[in-house]
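Here are my notes on the model you sent round. They are set out as numbered points, to be read beside the coordinates.

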Amino acid sequence: MNSFKITKGHNLKLSGAPSETLVDVKVPSSIYFHPSSIKNIKTKLLIKEGDSVKVGSPLFYDKKNEKALFVSTCSGKVKKIQFGPRRIVEVIEIENDKKNTRSDSLKTDINKENFLKSGLWTYMRQKPYSKIPHYSITPKSIYISAMPTEPFALNYEYLMKDDNHSIQSGIDTLKKIFDCEINFISSHNSIFSNLTNVNHYSFNSLHPAGNVGVQMHHIDPIKDGHDARFYLSLQDLGRIGGYFDGGEYPNSRYISIGGNGITNQAIYKILIGTSIQDTLGLDLSDDIEIISGDVLSGKKILQDKSLNFHDEVLSIIQNDNKREFLGWLMPGFKKYTLTKTFFSRLLNNKGSELSIKKNGSVRTIVPMGNWDKVMPMNIMSEYLVKNILANDIDMMEKLGIYECSPEDFSLCSFVDASKMDIMGVVQKGLDFIEMEG
């Protein structure tokens, strides 16, 4: 096993970490899909209000990727389709009859066509661009990370310690369909080290070492926009293995719920598409921020919506809008910082408190070198961001834009003295270079 140790990064010290308790959520009366939240797709509906659907029935696809279907995870009737501006599909609500009737069109013979029709293809993503891969693309390699390091991440070592069979089946399935290298990344002394048909790599657990982009950078850097690699979560790999083993359709998933906004932080098993309200079994107050994903790179959502399509973390954070009088003049014994701005740095942030306050307004980029202290990739991040803002494609390519994903810059946004949305800038650059390329 090849091992890597990164020294640049940071593990946030947050209250409300999920316990290793499994909560089996009651099957909801309705499930919800939000096509507009899925990156880089143009939705083409295959259903209308009032239609009956089964588990695995096609609901919609991307107009630019028509063979990769998005399917229903329950049986019942299409209750509502809600459109936003320019007829963008915002919500598909399916009334669940709780019979879990499976579609007759689902086949489990291992081939690419059945993989696309099953709806499981859409849980893979490709780099560059961090989007669902086109059905015609054959990847150079596939990456599976069994060691997510973001705040409140799932502990796969605990969660899937008795599920190596479906994981191995998922590996064998992908190997047969794509016939390419499969790289499996885990922590040192992992319980997954006995898996076969993969190349094993290990990283230390300093965030963002668990990000696939960081792992690719150290194992086999991406050269250009056509150098496609696929990646997926360990949980979705197991779901693929379970499906092609001929079992029940894998319409549920585990999510990790943490944060100081609730008291029952744990690992929840949900039917995919379950709303936040139905997951928690309660209404959250208005002074709570609900984030689909982790606190560094997630997106704010409402409690009547379901988790975003690829997310496995739900962060629920207490809102804090109190203004601090002359806060910048205070010694800051409880200010969380990675610089020498406050005294809390001398105490290694012990007793420090984090909130969602930005503590200042957006300002000109200040080249203090803070970004590079938490960026474990050999990328000149400040120069890259400036060239993205200048729409200089040639320099973006030279500075490694194809290796980048927004979440790889989440800690840069966290430590940034200019308060910039660096992840948003990186996404803008990726969208621009894909459109122009």
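1. **Cavity lining.** This is a predicted model. The lining of the largest cavity breaks down by class into nine nonpolar, six polar and two charged residues. That makes 17 lining residues, and I272, S306, L307, N308 and F309 lie nearest the centre. The space inside is about 170 Å³. Counting cavities of 30 Å³ or more gives three.

2. **Overall make-up.** The protein has eleven helices and 19 strands. Of its 437 residues, 54% count as buried. Take the contacts between residues at least 6 apart in sequence: 67% of them join residues at least 24 apart.

3. **The six-stranded sheet.** One sheet is open and has mixed pairing, with the strand order β2-β16-β15-β19-β17-β18. Its edge strands are β2 (22-24) and β18 (299-300), each of which pairs on one side only. Within the sheet, β15 (residues 252-258) and β19 (residues 313-318) run parallel and are joined by three bridges. For a landmark on this pair, look at S256, which stands opposite V313 in β19.

4. **Strand β14.** How much of β14 (229-233) is covered? Five of its five residues are buried. In a regular strand the side chains alternate between the two faces of the sheet. Here R229, Y231 and S233 point one way, while F230 and L232 point the other way. Both sets are buried, R229 included.

5. **Partners of β14.** Two pairings are worth tracing. β10 (125-127) pairs with β14 in the antiparallel sense, over three bridges. On that side, Q126 has F230 as its bridge partner. β11 (141-145) runs parallel to β14, and five bridges join the two. There, S141 stands opposite R229.

6. **Helix α4.** This helix spans residues 212-219 and is mostly covered, with seven of its eight residues buried. The buried ones are V212, G213, V214, Q215, M216, H217 and I219. What do they pack against? The list is β1 (2-4), β10, β11, β12, β13 and β14. An α-helix has 3.6 residues a turn, so residues three or four places apart point the same way. In α4, V212, Q215 and M216 are among the buried residues.

7. **F192.** This residue sits in the loop between β12 (181-186) and β13 (199-203). Is F192 buried or exposed? F192 counts as buried because its relative accessible area is 0%, and the cut-off is under 20%. Leaving out residues up to four places away in sequence, F192 touches A146, Y156, E157, M160, N164, I167, F184, H200 and L234. Of these contacts, take M160: F192 and M160 are 32 residues apart in sequence, with C-alpha atoms 9.4 Å apart.

8. **Nonpolar cores.** The largest nonpolar core has 59 residues. Which members touch the most others? They are F115, L174, F178, F184 and L234. Another core lies apart from it, with 42 residues, including L12, L206, C404 and M420. Back in the largest core, L174 can be followed in detail. Setting aside residues up to four places away in sequence, L174 touches F115, M124, I142, D179, I182, L232, L237 and I240. L232 also belongs to β14, where it points the same way as F230. F184 and L234, listed above for this core, both touch F192 as well.

9. **Strand β9.** This strand covers residues 89-96 and is mostly covered, six of its eight residues being buried. β9 has an antiparallel pairing with β3 (residues 30-33) over four bridges. In that pairing, the bridge partner of Y32 is E93. β9 also pairs in the antiparallel sense with β8 (residues 76-83), over seven bridges. Here Q82 has V91 as its bridge partner.

10. **The β8-β9 hairpin.** Five residues lie between the two strands of this hairpin. Which residue takes a positive phi? That is R86, with a value near 60°. Please look at this residue when you go through the hairpin.

Technical notes:
Residues are numbered from 1 along each chain as its sequence is written. This is a predicted model: local features need pLDDT of at least 70, side-chain atom pairs count only at pLDDT 80 or more; totals for chains, interfaces and linings use all residues. Side-chain values use heavy atoms; hydrogens and water are left out. On a 1 Å grid over the protein atoms alone, a cavity is a set of points where a 1.4 Å probe fits but cannot get out, and a pocket is an open set with protein on both sides within 12 Å along at least five of seven lines; lining residues have an atom within 4 Å of a point. Grid points are joined across faces, edges and corners, and a volume is the space filled by probe spheres set on the points. Ala, Val, Leu, Ile, Met, Phe, Trp, Tyr, Cys and Pro count as nonpolar, Asp, Glu, Lys and Arg as charged, and the others, Gly among them, as polar. Two strands pair if DSSP finds at least two bridges between them. Buried means under 20% relative accessible area, exposed over 50%, partly exposed in between (1.4 Å probe, protein chains only). Contact means heavy atoms within 4.5 Å. A nonpolar core is a set of buried Ala, Val, Leu, Ile, Met, Phe, Trp, Tyr and Cys residues joined through side-chain atoms within 4.5 Å.
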